[in-house]
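Dear colleague,

Please find below the structure I undertook to pass on to you. My notes on what was found in it follow directly after.

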Amino acid sequence: RSQKLFLTSIPSAFMGYDLIEWLMERLDIEESVEAVHIANQLCQYGYFFPVSDSKNLVVKDDSSLYRFQTPYYWPWQHRSPDNVEYAIYLCKRTLRNKQRHGLEEYETEALGSLKKTLQNKWDFITMQAEEQVRLSKDRKKGDKIVSDSQERAYWRIHRPPPGFTSSLEPVPVCNRGGTCSRKRRSSQDLRREVEFLKSCLNRTRTKVSQALEGLVQHCDTYLEFDPLLTGAQPSNPWHSEDTAFWQFNSPIVEVPTEKRVKRWGLSMEDLVTDQTGLQEFTNYLRKEYSHENIRFWMAVKDLRRSS
């Protein structure tokens, strides 16, 4: 939902302590320190970014504002930016207010190096930067703040300052091909490997066609319950100010939706994993004078978690 940053309204933003509470509730975390650590990892991988702090990708357990990064920039896209895009970004910041968008020392050095490297493309880079600055003047102040923070967080990950490591940096793997001699195996090692291969021959295996058929059937069954594929009903709370989606899908509701009740009929697991379904099922068993069965199941589940 929209949040206030001083006198500016920031659309689709959330606060730091709301994120920490959400992680603790969904991941069953007891210590807030662990939730802050997980949130920092997600932030440094570029899934969301701080709106007000443009120099540090750190999540704070306070009222600081954060916003989800556009999916186009998520790491799973495997999209590594080139030097032309970085040059346009740096050149664009030199054309704006130096007090708010001034370059840091390492960025100034990078801009000078890119001018020499991309000398034949510099007219195109300057033209693109000027056009983007011109288009940004027509935006609202809140949209400008979000766009600037989004760009800075993206380049802070892919072009970190000297001395800072990026979470997306590939880990170097040493290639020792042919440099070391292979360890000679004894007769006992060979005998153990033969026994292992024999046991693999007798192991029951499932055909790939049967496994895929079961996977397709599972996807068809749960397709209508997937908000990403069928759309959130009645409206998407991330795109609008309507909070009806959260109210209808809260853990405990007085009157569940038809789709929610329909999912209870798919399997016993879907029924008991839903808190509202478990509550209704317990009330039904209480009328049948057999609610001690579900109480025993809940006690076993709690004991399994504690161990």
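**Helix α14 and its surroundings**

In α14, the buried residues are T276, G277, L278, F281, T282 and L285. These buried residues pack against α12 (258-264), α13 (268-273) and α15 (292-306). Please bear in mind throughout that the model is a predicted one.

Helix α14 covers residues 275-287, 13 residues in total, and its first and last C-alpha atoms lie 19 Å apart, close to the 18 Å expected at 1.5 Å a residue. At the start of α14, the backbone nitrogen of T276 has a side-chain oxygen of D274 within 3.1 Å. Just after the helix, Y289 adopts a positive phi of about 60°.

The packing of α14 with α15 can be described further. The axes of the two helices are 8 Å apart and form an angle of about 140°. An angle between 115 and 145 degrees falls outside the parallel, perpendicular and antiparallel classes, and α14 and α15 are therefore oblique to each other. On the α14 side the contact involves L278, F281, T282 and L285, which meet I294, W297 and M298 of α15. By type, the residues of this contact comprise 6 nonpolar, 1 polar and no charged.

**The chain as a whole**

The chain contains 15 helices and 5 strands. Of its 307 residues, 30% are buried. Among contacts with a separation of 6 or more, 52% are between residues 24 or more positions apart.

**Helices α1 and α2**

A second helix pair is formed by α1 (residues 16-26) and α2 (residues 32-44), whose axes are 9 Å apart and pack at an angle of about 110°. The two helices are therefore roughly perpendicular to each other. Helix α1 contributes L19, I20, L23 and M24 to the contact, while α2 contributes S32, A35, V36 and A39. This set of residues divides into 7 nonpolar, 1 polar and no charged.

**Helix α3 and the loop before it**

Helix α3 (residues 83-94) has 12 residues, which at 1.5 Å a residue should span 16 Å; the end C-alpha atoms are 17 Å apart, in agreement with that expectation. The helix is mostly covered, with 9 of its 12 residues buried. These are V84, Y86, A87, I88, Y89, L90, C91, K92 and R93.

The loop between β5 (65-68) and α3 holds Q69. Is Q69 buried or exposed? Its relative accessibility is 4%, so Q69 counts as buried. Which residues does Q69 touch, not counting those up to four places away in sequence? They are G46, Y47, F48, F49, W74, Q150 and Y154.

**The loop between α10 and α11**

One further loop residue deserves a note. S235 is located between α10 (227-230) and α11 (244-248). With a relative accessibility of 17%, S235 lies under the 20% cut-off and therefore counts as buried. Its side chain makes a polar contact of 2.9 Å with the side chain of D242. Leaving aside neighbours within four places in sequence, S235 is in contact with S240, D242 and F245.

In reviewing the model, you may wish to begin with the two helix pairs and then turn to the two loop residues.

With kind regards

Note on methods. Residues numbered from 1 in each chain as written. Predicted model: local features only at pLDDT ≥ 70, side-chain atom pairs only at ≥ 80, totals over all residues. Heavy atoms only, no water. Axes fitted to C-alpha atoms, helices over the stretch in contact; angles between N-to-C directions. Helix = DSSP H or I, 4+ residues; strand = E, 2+ residues; numbered from the N terminus. Parallel < 35°, antiparallel > 145°, perpendicular 65-115°, else oblique. Contact = heavy atoms within 4.5 Å. Nonpolar A, V, L, I, M, F, W, Y, C, P; charged D, E, K, R; others polar. Expected span 1.5 Å × (residues − 1). Buried < 20%, exposed > 50% of the residue type's maximum accessible area, 1.4 Å probe, protein only. Polar contact = N/O pair within 3.5 Å; in protein donor to acceptor, adjacent residues only side chain to side chain.
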